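Dear colleague,

I am handing over a structure that is new to you, and I would be grateful if you could look through it alongside the notes below.

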Amino acid sequence: MFKKILLATDGSEHSSRAIDQALKMAGPYKDQLTLDLIYVVDGSSSKEDVLKYGDPHTATIKRKEKFFDTLSYIEEKGVKTDVIILHGEPAKEITEYANENDYDCVVIGSRGRNKFQTFILGSVSHKIVKYVQVPVMVVK
């Protein structure tokens, strides 16, 4: 049984499937589970958000608003949840956060890149599987 799951999300369709899988994992123990959503803002996204919204504080508020529907959906299922927003390189930040915060499992959606794209661009899910010290589920 899992009591504390970290769900890496970026708001994409792949993330939505990962959310549903994490909720399935909760099963009958959902009232004892904490499902933390983690979203990492990379440098270019951070810069774009600040330019779009005018200042860093407003950009942070808008990022959190992006997850209101997701939080409501998860809480409707009877699962406690929270959003963690970090800044930096996604794979590195998620790995460090997961390893430092005693999670039972990390769930992440797969982007579905082909081999060439993965070779050139790297893969957040691949790096997380490699370096996180707890079980990791990659949802296709």
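The notes that follow go from the sheet to the helices and then to one residue.

This is a predicted model, in which local features need pLDDT of at least 70 and side-chain atom pairs count only at pLDDT 80 or more, while totals for chains, interfaces and linings use all residues. Residues are numbered from 1 along each chain as its sequence is written, and side-chain values use heavy atoms, with hydrogens and water left out.

Five strands (DSSP runs of E, at least two residues, numbered from the N terminus) form an open sheet with parallel pairing in the order β3-β2-β1-β4-β5, where pairing requires at least two DSSP bridges between two strands. Its edge strands, each paired on one side only, are β3 (80–87) and β5 (136–139). Strand β2 (residues 34–41) pairs with β3 in the parallel sense over eight bridges, and Val41 stands opposite His87 in β3.

Helix α5 (residues 90–100; helices are DSSP runs of H or I, at least four residues) lies across β1 (4–8), β2, β3 and β4 (105–109). Helix α7 (residues 124–131) lies across β4 and β5.

Thr81 belongs to strand β3 and is buried (under 20% relative accessible area, with a 1.4 Å probe and protein chains only), its own value being 15%. Leaving aside residues up to four places away in sequence, Thr81 touches (heavy atoms within 4.5 Å) Leu35, Leu37, Leu71, Ile74 and Glu75, and its side chain reaches the backbone oxygen of Leu35 at 2.7 Å.

With best regards

Terms used. Axes are lines fitted to C-alpha atoms, for helices over the stretch in contact, and angles run from 0 to 180 degrees between N-to-C directions. Buried means under 20% relative accessible area, exposed over 50%, partly exposed in between (1.4 Å probe, protein chains only). A polar contact is a pair of N or O atoms within 3.5 Å; within protein, one must be able to donate a hydrogen and the other to accept it, and residues adjacent in sequence count only if both atoms are side-chain atoms.
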